[in-house]
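Please open the model in your viewer and keep the selection tool at hand, since the tour below moves from one selection to the next.

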Amino acid sequence: MRRRGLLSSLPAITLAAFLAPVVAGLIGTWLPAFGFFPTLGGESLTLAPWRELFAQPGLAESLRLTLISGLLATLLAFLLTVFFLAACHGGRLILAVRGLMAPLIAVPHAAVALGLAFLLAPSGWLVRLVSPWATGWDLPPDVATVQDPNALALTLALVVKEVPFLLLMTLAALEQVRAEERLAVARSLGYGPLVAWLKAVLPAVYRQIRLPLYAVLAFSLSVVDMALILAPLTPPPLAVQVLRWFNDPDLSMRFVAAAGACLQLLIVVGAIALWRLGETAVALAGRAWIAGGQRGGDGRIARAVSAGLVQGLVILAAAGLAAVALWSVTGRWRFPDALPADVSLDTWARHAPEAAAITATTLVTGLVAAGIALMLVVGCLENEQRRGLTLSNRALWLLYAPLLVPQVAFLFGTQVLAIQAGIDATWIALVWSHLLFVLPYVFLTLADPYRALDERYARTALCLGAKPNRVFWQVKLPMLLRPMLFALAVGFAVSVAQYLPTLFAGGGRFVTLTTEAVGLAAGGDRRVMGVYAFLQALLPLLAFAAALALPRPLVLTRRLEAIPA
Amino acid sequence: MSVISLNQERGLILSQVEITHPTSRGEKHIIGPVSLTVPPGEVVTVMGPSGCGKSSLLAYICGTLAPGLSGGGRVLLNSAEVTAAPPEARHIGILFQDDLLFPHLSVAGNLAFGLPPDLRGRRARRERIEAALAEADMLAFYDRDPTTLSGGQRARIALLRTLLSEPRALLLDEPFAKLDVALRHRFRSFVFDHARAQGLPTLLVTHDPQDAADAGGPRLQIDAEGRILGGRAAGRGHRPGNLP
């Protein structure tokens with residue numbers, strides 16, 4: 001009976017574990033934004049921080065960069081996802097791309113951003129490949145191709161990173177809305193493949209991907225680590241500027257920073273509201289378009305264009321990672337040469353001790369956070385099944401809360417809370433802060449396969465006399481081993497990628513591969529950056545490879561035995 | 001008192017079992033009330049179209065009713081009330097349309113899962129499983145992966161797994177529906193012979209009249225709304241009618 005009590009209180013514990021810090025963090029950020037922060041002498045509520053915020057030079061430019069990169073990246077990623085899936089539905093390319101999505105999602109944002117920087121910079125690999133024979137350049141051209149004044153490099157990097165996520169979420173949604181049947185009906189009524197998808201499938205699928213899309217929008221508007229590498233820095237986008245204010249040696253700037261963090265939240269809320277408005281307008285126009293009955297053509301152009309673009313993004317990401325790996329073993333690489341003059345392991349050897357320690361921190365934090373998240377999520381799902389509860393739509397919004405609220409908008413308040421609780425800059429604070437973002441992803445990854453397991457297996461086992469806990473360990477766990485390990489790998493990858501939480505909760509005591517790689521980006525030694533960005537990308541990829549490879553021996557050995565002699 | 005006579009009977013007894021689906025707009029009736037007695041070694045058939053709540057009835061009897069549904073009425077097994085017992089303590093075995101063999105365990109592993117833990121010792125357990133397999137002419141399948149078996153073989157293993165768990169009653173949820181015609185007849189006799197030999201009260205739900213004919217026991221007809229249309233006594237003239 002005691003066990004059942006523990007299990008049934010797990011959802012509450014889980015919700016508290018990741019919602020309480022967000023709520024407390026928001027309060028702890030909003031109060032200083034209105035001047036209330038007793039530690040720094042702010043005892044009364046005032047609008048002074050906001051006045052000071054709006055008087056900051058460059059705020060308008062920061063906002064412009066934030067809005068361009070955030071809105072444009074989300075819109076492009078969404079359109080590309082939709083047109084690619086619509087135009088290439090049922091094609092072999094989708095299968096091929098689908099297999100590449102998990103590794104692309106696994107690679108941390110900072111590693112992708114560094115890879116793109118190594119490719120696109122005026123002295124980057126792309127220019128080197130075509131110089132001097134095609135361009136005549138013996139020196140890097142004097143154009144800002146990264147950290148460009150309109151943050152287009154950042155926008156491109158966001159698109160590279162978000163398209164795989166949106167593709168995977170939409171592919172999962174397609175199965176739920178029975179897209180094949182809808183398409184078959186529309187095609188038999190004479191609709192072309194692209195228009196059939198847009199008219200018969202998209203309206204149903206959009207409902208399913210709305211929340212992930214909002215999460216992408218919120219993330220793109222408030223990303224810090226990618227912006228530090230690819231966006232202009234004087235002034236930077238708002239989220240980066242807020243982080244600078246928080247780190248300002250002048251402690252009174254904390255008030256301005258808090259107000260800026262709140263402004264960041266308002267921007268995200270406003271952008272989501274704007275997007276919602278856009279949805280309504282598009283739906284209205286779309287309904288008229290659907291009623292018009294246009295059948296559309298064979299969609300050949302859309303197929304070629306969208307397939308080319310998606311392949312381009314995949315190649316770009318892969319080439320970026322190749323550039324990262326290459327730089328980490330580069331000895332000398334003079335400018336217009338297409339390849340390094342010599343390769344050596346010197347950089348690796350010089351940084352081995354430090355890199356090993358940082359890798360260990362990253363590994364332990366990620367494994368512990370992902371492990372705790374998996375236990376909580378499995379407990380919640382098991383409790384849900386034993387008690388026949390289903391997650392309501394509102395609860396799903398709660399789950400997305402840490403993904404919709406910009407990190408910079410509440411992590412300061414959470415840090416204040418951690419200081420008061422005496423756990424600031426400890427392992428507990430670090431793992432907990434990662435858990436906020438690991439938990440939702442682990443839940444989203446595991447919920448569907450867990451619920452899809454035929455419940456009659458458990459019923460049969462119960463009727464054979466097995467107690468519920470034995471049914472869990474001996475029937476459900478082995479049957480769900482693969483999705484569980486996959487969810488663990490997803491959680492680990494999310495943890496490895498965390499930049500701001502590590503910075504805030506770690507209090508400078510904990511350095512992970514991500515904070516180190518982003519920190520080095522300001523310095524400019526591509527060889528060292530290469531080492532850390534390579535390790536940062538490698539760790540999650542290894543986790544995914546292990547998750548896919550581990551359960552296989554278990555299954556394979558028996559399959560082999562089973563072949564009749 | 002009729003309650004006393006009720007409690008003295010052996011076999012599986014349902015008394016006023018009724019299942020409803022509570023919704024915000026009141027209760028939706030699923031099936032029942034059903035009262036019947038299944039004596040040891042006899043097969044009682046509940047006939048009804050699909051969707052009439054037969055499976056929910058069986059789920060209620062073995063204690064795995066979906067938490068969204070609510071059930072009332074009593075279930076007695078060999079004079080003991082099991083209505084409130086957890087499914088693992090009821091000793092009521094169930095076979096579904098699908099064999100539901102655990103794909104991560106071998107044939108022997110599946111059978112061992114069913115075998116009660118009080119039979120101790122690796123050797124003793126192995127011998128018991130081998131005996132069961134040998135008796136079904138399937139000894140060669142001991143180490144096989146269940147996914148490499150044919151549908152008929154898998155169905156037989158599923159029955160053996162249930163029988164090895166030493167049930168005191170057997171519920172059959174259309175277990176023959178997915179087998180082809182020739183196989184269906186053989187597997188039916190395989191199940192009924194075993195159930196009779198072990199003296200198990202057996203409750204079969206089906207919409208196939210041939211299942212009921214082969215079972216040879218009393219029948220209870222249910223309409224699409226889950227209401228009892230009346231029974232036709234067969235076999236030894238047992239009365240499946242209403243108990244108090």
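## Confidence first, then the interface

Begin by selecting residues 233-244 of chain B, a stretch over which pLDDT stays under 50 in this predicted model, and for which the model nevertheless has 29 contacts beyond four places in sequence. Go next to residues 1-5 of chain B, where pLDDT likewise stays under 50 and the model has two contacts beyond four places in sequence.

Now colour chain B by confidence: the chain averages a pLDDT of 85, with 91% of the residues scoring at least 70. Among its elements, helix α1 (residues 2-8) of chain B is lowest in confidence, at a mean of 49, whereas strand β7 (residues 169-173) of chain B is highest, at 94.

Turn then to the place where the two chains meet, and select the 28 residues of chain B that are in contact with 26 residues of chain A. The area buried between chain B and chain A is about 2,500 Å², and carbon and sulfur atoms give 61% of that area. If you highlight B:Glu88, B:His104 and B:Phe113, you have the three residues that supply 28% of the area chain B buries against chain A, more than any other three.

Finally, show the side chains of B:Asp98 and A:Arg456, which meet in a salt bridge at 2.6 Å, N to O; the rule finds one salt bridge across this interface. Four residue pairs are counted in polar contact between chain B and chain A, both residues being at pLDDT 80 or more. To see which parts of chain B face chain A, select α2 (54-62), β6 (92-95), α3 (107-114) and α5 (151-164) of chain B, the elements that each give two or more residues to the side touching chain A. The residues on that side divide into 13 nonpolar, 10 polar and five charged.

Technical notes:
Residues numbered from 1 in each chain as written. Chains lettered and ligands numbered in written order. Heavy atoms only, no water. Contact = heavy atoms within 4.5 Å. Buried area = accessible area lost by both parts, 1.4 Å probe. Salt bridge = Lys/Arg side-chain N within 4 Å of Asp/Glu carboxyl O. Polar contact = N/O pair within 3.5 Å; in protein donor to acceptor, adjacent residues only side chain to side chain. Helix = DSSP H or I, 4+ residues; strand = E, 2+ residues; numbered from the N terminus. Nonpolar A, V, L, I, M, F, W, Y, C, P; charged D, E, K, R; others polar. pLDDT = per-residue confidence, 0-100.
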